[in-house]
Amino acid sequence: QVQLVESGGGLVQSGGSLRLSCAPSENIFKTYAMGWYRQAPGKQRELVATITSGGTINYADSVKGRFTISRDNAKNTVYLQMNSLKPEDTAVYYCNVRGIRANLFEFESWGQGTQVTVSS
């Protein structure tokens, strides 16, 4: 199991910004799709944004125009820049990465989750 290390969550006022990052804790041969999901209390986990190795991006309608996903293939790192945050963005954010390990076995891993809280 490839461990993913997330960082960047926290408490911010409505209208503020946060940047999340996520990277594997070990050397990876290649990453395919990378993405961010979130889960608010009492709700199911939902897709926030995904980005393929070729750069194709998909956003949830609720974050379009406010959030930007990007990746650094050299560092196998995925980022989520969150601007104009709203209280309804409050959730635990999880990154998801699919790829190939250094031993050439495929993997799919989830991060441990990072709390994002937006106060009104």
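Colleague: Is L104 buried or exposed?
Modeller: Bear in mind that this is a predicted model. L104 sits in the loop between strand 9 and strand 10 (106-110). The cut-off for exposed is over 50% relative accessible area. L104 has 58% relative accessibility, so it counts as exposed.

Colleague: And what is the phi of L104, which is not a glycine?
Modeller: Most residues other than glycine have a negative phi. L104 goes against that, with a positive phi of about 75°.

Colleague: Which other residue has a positive phi although it is not a glycine?
Modeller: Look in the loop between strand 7 and strand 8. The residue there has a phi of about 50°. With 13% relative accessibility it counts as buried. That residue is N76.

Colleague: Let's go inside. Which strand gives the largest share of the largest nonpolar core?
Modeller: That core has 29 residues, and W36, V48, F67, I69, L80, M82 and Y93 have the most contacts inside it. Several elements give two or more residues to this core, including strand 4 (28-39), strand 5 (46-51) and strand 7 (67-72). The largest share is four residues, and it comes from strand 9.

Colleague: Which residues does L80 touch, leaving out those up to four places away in sequence?
Modeller: L80 is among the residues with the most contacts inside the core. Its partners include L18, R19 and L20, along with V48, A49 and T68. The rest of the list is W36, F67, I69 and Y93.

Colleague: Is T50 buried or exposed?
Modeller: T50 has its place in strand 5. Leaving aside neighbours within four places in sequence, T50 is in contact with M34, G35, Y37, T56, I57, N58 and I69. Buried means under 20% relative accessible area. T50 has 18%, so it is buried.

Colleague: What about D89: what is its relative accessibility?
Modeller: D89 is in the loop between strand 8 and strand 9. Not counting residues up to four places away in sequence, D89 touches R38, R66, F67, S84, V116 and V118. D89 counts as buried, and its relative accessibility is 0%.

Colleague: Which backbone nitrogen lies 2.8 Å from a polar atom of the side chain of D89?
Modeller: We're still with the buried D89. The backbone nitrogen at 2.8 Å from its side chain belongs to K86.

Colleague: T90 is in that loop too. Which backbone oxygen does its side chain reach?
Modeller: T90 is partly exposed, with a relative accessible area of 22%. A polar atom of its side chain lies 2.9 Å from the backbone nitrogen of V118. The T90 side chain also reaches a backbone oxygen at 2.9 Å, that of P87.

Colleague: How far apart in space are T90 and S14?
Modeller: In sequence, T90 and S14 are 76 residues apart. From C-alpha to C-alpha, the distance between T90 and S14 is 10 Å.

Colleague: How many residues of strand 3 are buried?
Modeller: Strand 3 (18-24) gives two or more residues to the core. The strand is mostly covered, and of its seven residues the buried ones number six.

Colleague: Last one: which residue in strand 8 is the bridge partner of C22?
Modeller: Strand 3 pairs with strand 1 (residues 4-7) in the antiparallel sense over four bridges, with L4 opposite P24. Strand 3 and strand 8 also run antiparallel, joined by five bridges. In strand 8, the partner of C22 is V78.

Definitions and conventions: Residues are numbered from 1 along each chain as its sequence is written. This is a predicted model: local features need pLDDT of at least 70, side-chain atom pairs count only at pLDDT 80 or more; totals for chains, interfaces and linings use all residues. Side-chain values use heavy atoms; hydrogens and water are left out. A nonpolar core is a set of buried Ala, Val, Leu, Ile, Met, Phe, Trp, Tyr and Cys residues joined through side-chain atoms within 4.5 Å. Buried means under 20% relative accessible area, exposed over 50%, partly exposed in between (1.4 Å probe, protein chains only). Contact means heavy atoms within 4.5 Å. A polar contact is a pair of N or O atoms within 3.5 Å; within protein, one must be able to donate a hydrogen and the other to accept it, and residues adjacent in sequence count only if both atoms are side-chain atoms. Two strands pair if DSSP finds at least two bridges between them.
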